[in-house]
Amino acid sequence: MSVIDVIGIAFLVVGAVFFIAGSIGVVRLPDVYTRLHALTKADNLGLGFVIIGLSVWAESWIVVAKMVLIWGLVIVAGATAGHLVAESARMARIVPWRKSS
Amino acid sequence: MTYSGYLYDLLLIGTLLWLAVRILAEVKLFKAVVLFIAFGLLMALAWVRLAAPDIALAEAAIGAGITGALLLDAVGHMRGRAAPYPTDEPAGDASAVTEMGDGRG
Amino acid sequence: MNAVLMGFAVVLLLTIIVGLTRVERGPSPADRMLAAQLFGTSGVATLLILAQALETPALRDVALVFALLAAMATVAFVKRAWHPGPSGEEEPPCQ
Amino acid sequence: MASAVPESPRGVRLAAGALCAGFGVLLVRAVLAIPEDHSGLAPVVAERLVDSGVKHPVTAVLLNFRSYDTLLEIAVLVLATIGVLSVAGSHPRVWAPVAEEADPVLSALARLLAPFMVLASGYLLWAGEHAPGGAFQAGAVLGAAGVLLALAGYARPAWVTKFGLRVVISVGFIVFLAIAVGVMFLGGVLLEYPRDYAKALVLIVETWLTVSIGAILVSLFIASASPIEELRARTGSGR
Amino acid sequence: MNWPVIALLAAVALPFVTATVIFALGETRSTARSAANLLGAAGTAVAVLAAAASAWQGREERAFASAGIELLDIGFGLEADMLGSVFAVVAGVLWLVTTVYAIGYMSRSADRARFFGFFSICVGSAIGIALAENLITFFVFYEMLTLATYPLVVHSGTPAALKGGRTYLTYALPAGAALALGVVWLHVLAGPVSFTPGGALPFGLAFVHPAQLTVIFALLMGGLGVKAALFPLHGWLPAAMVAPAPVSSLLHAVAVVKAGVFGIARVVLEVYGPDAALLGLTLPLAALAAFTIIFGSVRALVQDDLKKRLAFSTVAQLSYIVLGVVLASPLAIAAGIAHLAHHAALKITMFFTAGVVAEEVGAYRVSEFDGLGRRMPLTMGAFSIAALGIVGTPPAAGFTTKWLLGAGALDSGTGWVLAVLAVSSLLNAAYFFPIIHRAWFRTPRAEWASGPAPGRAEADLRMVVPLVVTALAGLAMGLLAAAALSPARWAMLVAAMEAL
Amino acid sequence: MSQTDVYTLAGAALFVISLYGLITRPHLIHKILALNIMSGGVFLVFVGIARRVMTPDPDPLPHAMVLTGIVVTVSSTAYALALAKRIYSETGAAVLDAPDVFERPEAGGD
Amino acid sequence: MTDALLVHMPALAVVVPLVAAPIAFLAGARWGRPVALFATALSIPVAFVIAWMASTAGEKLRYQIGGWDAPLGIGLVVDGLSATMLLVTAVVGFAITVYSLGYFAEQEKYRFFWALWLFLLASLAALFLSADVFNLYVGLELVSVAAVALVGLSGKRDALIAAMRYMLAAILGSIFYLFGVALLYGAFGVLDLAHLAAVLGPDVTGQAAFALITIGLVLKTALFPAHFWLPPAHSNAPSPVSAVLSALVVKGSFYILLRLWTDVGDPSYVPGMGTLLGVLGATAIVWGSIQALRQERLKMLVAYSTVAQIGYLFLLFPLVEIAGRHVADAWSAGVFHAVSHALAKSAMFLAAGAVLSRFGHDRIEGLGGLSRRAPVTMMAFGLSGITMMGLPPSGGFVAKWLYITASIESGAWWWAVVVLAGGLLAAGYVARVVVPGFAKASADASDADVDAGRLPKHMELAALSLALAALVLGVLGQPVLDLMVVGDPASGVIP
């Protein structure tokens, strides 16, 4: 296993951790607004690390570019989706969670 | 084939079957449809595992793009009235609602 | 190497399965939809990893398509499926 | 829940269970008995691939070896679209424009993503010649772009029955059919592409199919989607 | 194609062509329709006579004119032979007469296009039955007759008519199914069956498959027995009397019911032949026919409705023919075949009379006939001639029949038939003489006493003339029984061939 | 049991599960979903069969057939959904044995 | 040139309506009519030429699409069976087109009728010609989607529900069929019917495939007990659509069954299958007829009659299994019945549609005086009823004749009893319409309106000519009987 591999795997591990965190967040966090964070932050970061990790093995820059493009698209989609869901939830009068309640 | 590959296949298939059962057993339409969208995604992963990227591509484009949108639209169309059979009560009457959601987990 | 990558794929699959419990539990449609959005991201990551593991570059195209369409379901959901009643009720049962 | 749809009677469930169990046994036996070493038609496809005009075997099968299947498949798609139009078209209500309702974030997303989707569609079309991809996948992505735009309020459902849309829906099929029949006048049989032109003809067919499939998928969505007013009127609230 | 073949084809085809023309002309163009109808009927009469003439000429070598088409090994064939010609001529010639009568009778009725159209089809089917060369062709026309008669039975559209029609179908359709099964079964067992004097079954088949042949015979008789109104399958005939008079006259006295007995004659004489007796099938049939004779006569005795009485009389008279045919001696066979024509001419006269009387003076019941002879002398005169003929008063036609039948019965050693004949004749007299007596010797109703209004005929002449003609024909058949072309002589020739 | 077998059997299982769902679930959306899953099961069997070859690459023919099948399924799903929605609009319920909510028209097809 | 054109005839049979369909779609309601009329008229000579080609060739002809040979490419097969079905499709299709010209009087609601209709005809032609099991799947789907869309065209509540029910059954049937195709390909590695016939062996997978395909097609053919979708669909569709559904669409899936069980394999390939299909057929005859006797609406009655008549088709499987092809031509009986039923049932539905137009309803009890108010229609109904009953001289009679012969010859006489009993039951339900038709016009219908809503002549004549064709088929059916066995390996050995 080369140094390159180690670096790649390390990034993948970080990515995986973020994904796991995101999932746990989605399951454990108390309301829809907080769970949105898990979605928009943890997972997108996780994907970013995975892509960085995979880039070390990439056969060409085009592949890397494609993966970065994909990352960008996912971020945009995630951000928009988060906004729309939050907006809808607000319209639906879902009350944000407070520690006191 | 590696053990992790086997594990992956079994997990994937197990989830697919479980999803199929859940989709069809689910009383809430919307939930069933979301589960079905997840099912489509996992099917795409299955096509990948079976070395059928063409089909994975089609499944991704169709499942995520059109079928999902159509199903969600249909569910939206059908949920104006709370009861599947029309009743004399006004739509959205609390008596016809089983589950109240306020966003709390 | 492949085995390691497949291991990561297994982990990502597990995150999807964990996410499914949120779809199951709800309670609001927004929660379910949100979890589904998460699968999209995980799926993209899985596909990219599998592209490497199975040496099938075409899977990156699949991932690209997934990424492009990731928001579709949520948008359709927001615009078409979810228009809750005055009380913010849960979606109706179908049976 | 007095008004709930009754679950199927117990007898039906039991019978269905027995039926499905029987099928299960039959299918498991049948599936396990499939010979492991079967080669199917893969060798024939590999052998003839050079004559097909494309390098990707699946595309070769779809658009040359068994292009008749694909022709009829597109007919199914067009047919279903006509069906949806006819079901939705006699719908008493007409859509009104919804543009003013567009969410700014959503329309920004649509404007950002739509060009990417069109590009990706072109890419998949091009890739189909030598790699996974092709007309259907490309068309599906194109259609998704249209659906996204429609959701963001850029589509006017009023035009779903207009002549222009009918042309776009059927043009792929018409071009495909025209080429299928046209080659008969070049001395071939139905759908027999002359070797030298095979690649070009397949590409022409695929391109138009992509356009049509995209249009069809958009129409399928727009024509049948319920007007937002109706949804809102029913619930008395919402966006 | 030579003229006999043309005549043969024309005899069957012309009525159908006429029907098509009538349907096409529709309800409104009644003059053209009547003209076409008369023309068709006249043409048909000529054609059947020509076909009969060809049969007469070729009587030595039987199959003179024939034509047909093949479908698989189901051959559809037509042939003018001596036996068939009798029935064909009876149906064809009487159609012409009936057409004249019917145009008068139906002149104020609705749905005439439908009526005359189906009437033509019925006649065409009857002639087809007569001239069928084999059992399958026979069956085809037989079923066509079944169906085409239905619209005529229910013609008036009243609930009673619909009920009568339903009864008719309830009997006729299962009979058709039985016949179909029998015909197909026989076809499987014996191959194509062409009617042949002396039987058409392959030699020895009766020894190989006696049980199957018996069952087939039962199926065939069950199928044919309905139209032949054999007890207990006769129930539809009185019910069908709701039909308009021309229908009762031509169809329920001649074409339809005779199709049944004619079929029995064909099957017994020209399909089974001697095998029928060999298998022991004739005696039960003869006994059944004899019982039907008595039964029908007794039932006729108690009917007050004239058409019903005539219907039961028909039930009885038809069995004379069956009885004659089954007795299998030449004279008896001749009696049966001759009675086919005799009874046709006589009974059609009586039904015509019933129709005229009902139309003109509104009398339906025997009890309303008091003094009717004064009011309608020609009509009742013809009726009386016909009644006497049927009763069998010498020298009328019925007497010829009974004489031949009796002689035949003695020949074949079935003397009990004589007793049946005697009882039946008494009963015939008992149900017809009261009518004659009432009509001529009872005090007429006031409005009838002076006869028909001065300067007017007693009824529409289009109705009176035909019934006089048929009565005279019936009379002539009896008086001239020994003449060269009389039905009786013709029947003797046929019988001679059949009994070979 | 090979990888292919597992997927093929899973296809058969999906077929059976959704057949049961199709029969017993009254709601039209459920029935449509069941049919989709069912065809997914059949496609799995197809692709599983495509893998049962000696060559490293799978047999392209079943792949092509599945692609065709997917298009066909999408078409019919879209039409079925449009119908289901229309039925819901007309009857207020998305089931086959909808009760008579509105006046039933006199005659059938015109 | 003529030779070159001849070669392409099989392709043309599909292409002519297939080209016309999108043109009609683009042309819209008004101009769709001449397009459809022209295309369906053109299909008739094409079908006749194909029939002529088949009978002169005396063997199966193939047309390899794309020039690719059989195991890889898709072939069109022309033999007696496919030529016969094409001929019937062309004739019935044209008659229904003529009828529809009057029936769909440029209503906006029906603007897509012509396109759907031409697609349906094209897909039927494709189905009848296809020599490839997967291509047959696509053809089946095409037929189903077109048929369902036509059923739902009116947009009425009952029609929509009927269309949905039909759709679900049809898709389910297709999926079963597709599973069978997958297994066949897995077991034998070919899709072409002829190749399949050559390599078909007694194999668990193959048998399961046959069973699955049969279940799927039985569902689509609406054989008892899978007939539940048919009566609502066929009775709620617009009448020309009902006609084509009963006449041709159910025959499409039956045709594939026939190919599969008598051309590729034989009924003994899966033990007991032939008998099972026969028993179901017999039950269908009885059950469908009894239901028809109980209906209150004319179109429901006719639809249940279809359920019953479909039963007859399936009697051929046990008889062929017991007796083989050579002893008794039960096979010909089945095909001939399919043909004559196609003609008669379309006539019957067209007549029912005319009744609906004329009376404004189709309640049987309210049909008094039909014979006076619409005599041609009544005639068409009555004549097609004769074929339903199987009485001479109709085509149905010849079919029943052959069935009875086959069952007596093979010693399985009970099938003959079923056939005859079915005929009597058919008489019962036909009489339910015909009898009140002769009644005096019912009280609510005065004679004044006899001329009020006169039907276009071509509509009534279309129905009448189909009924007459069914009738004449019984007498002049020999060419059809000769045609349909052309190229069939088992034919020509009738001892």
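**Exercise 1. Place L191(D), then describe its backbone and its exposure.**

Step 1: location. L191(D) sits in the loop between α7 (163–182) and α8 (198–224) of chain D. Helices here are DSSP runs of H or I with at least four residues, strands are runs of E with at least two, and numbering starts at the N terminus.

This is a predicted model: local features need pLDDT of at least 70, side-chain atom pairs count only at pLDDT 80 or more, and totals for chains, interfaces and linings use all residues. Residues are numbered from 1 along each chain as its sequence is written, chains are lettered from A and ligands numbered from 1 in the order in which they are written, and side-chain values use heavy atoms, with hydrogens and water left out.

Step 2: backbone. Phi of L191(D) is near 65°, a positive value in a residue other than glycine.

Step 3: exposure. L191(D) has a relative accessible area of 0%, so this residue is buried. Buried means under 20% relative accessible area, exposed over 50%, and partly exposed in between (1.4 Å probe, protein chains only).

**Exercise 2. Work through the loop between α8 and α9 of chain G, taking A222(G) and then P225(G)**.

Step 1: A222(G). This residue lies in that loop. Its phi is positive, near 65°, and it is not a glycine. A222(G) counts as buried because its relative accessibility is 0%.

Step 2: P225(G). The loop runs between α8 (204–221) and α9 (230–236) of chain G and holds P225(G). The peptide bond from F224(G) to P225(G) is cis, with omega near 0°.

**Exercise 3. Find the location of P232(E) and the form of the peptide bond that leads from F231(E) to P232(E)**.

Step 1: location. P232(E) is in the loop between α8 (210–227) and α9 (236–239) of chain E.

Step 2: bond. From F231(E) to P232(E) the peptide bond is cis, and omega is near 5°.
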